[in-house]
Amino acid sequence: MGEVAKPLRSGEVARRSGVNVETLRFYEREGLLPEPPRRESGYRKYPPETVELIRFIKRAQELGFSLREVQELLSVRNAPRAKSGPVRRLLAAKVVEIERKIQDLQVLKQVLDELLGRCDGRRSASSCPLIRSLCRED
């Protein structure tokens with residue numbers, strides 16, 4: 001007969017999943033983690049699968065998904081008969097968002113490259129092209 005997995009305390013869940021205890025509380029407040037039952041002493045009793053759930057959340061965040069989007073992914077993940085269509089739509093929207101950010105960063109880089117080209121590093125700070133452009137009123 002299989003061994004029943006023992007509930008974990010907050011510190012152990014945090015350590016195993018690579019986050020701090022405050023992150024667990026934050027995820028609970030945001031509705032990403034269900035609030036676990038408590039021992040008589042008041043300590044939380046997390047089921048062992050909480051570690052994998054937190055790792056899922058962290059990996060999704062590392063890929064750029066917002067907490068709202070992570071919640072959507074979790075709802076699909078937790079629905080046994082769910083189709084992957086909503087996930088595909090979310091993923092496609094994320095790709096478009098990232099492409100837009102890349103374009104914005106390329107424009108920003110061009111502006112900074114132009115300012116860098118005009119800065120010889122020998123002038124006074126008050127005549128520095130970057131400082132002057134930041135002080136401009138538009």
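Me: What is a salt bridge, and which residues are linked in a network of them here?

Reply: A salt bridge is a side-chain nitrogen of Lys or Arg within 4 Å of a carboxyl oxygen of Asp or Glu. Here Arg68, Glu69, Glu72, Lys94, Glu97 and Lys101 are linked in a network of salt bridges. Keep in mind that this is a predicted model, where local features need pLDDT of at least 70, side-chain atom pairs count only at pLDDT 80 or more, and totals for chains, interfaces and linings use all residues. Residues are numbered from 1 along each chain as its sequence is written, and side-chain values use heavy atoms, with hydrogens and water left out.

Me: How many salt bridges does the rule give?

Reply: The count comes to 14. Take glutamate 12 and arginine 16, whose closest N and O atoms are 2.6 Å apart.

Me: Is glutamate 28 buried or exposed, and what about its partner arginine 44?

Reply: Buried means under 20% relative accessible area, exposed over 50%, and partly exposed in between (1.4 Å probe, protein chains only). Glutamate 28 is buried at 12%, and arginine 44 is buried at 12% too. Their side chains meet in a salt bridge, 3.2 Å from N to O.

Me: How many disulfides are there?

Reply: A disulfide is a covalent bond between the sulfur atoms of two cysteines. The search looks for a pair of cysteine sulfur atoms within 2.5 Å, and it finds 0 in the whole structure.

Me: Why is cysteine 119 not bonded to cysteine 128?

Reply: Because their sulfurs are 4.3 Å apart, too far for a bond. Cysteine 119 is partly exposed at 35%, while cysteine 128 counts as buried at 17%.
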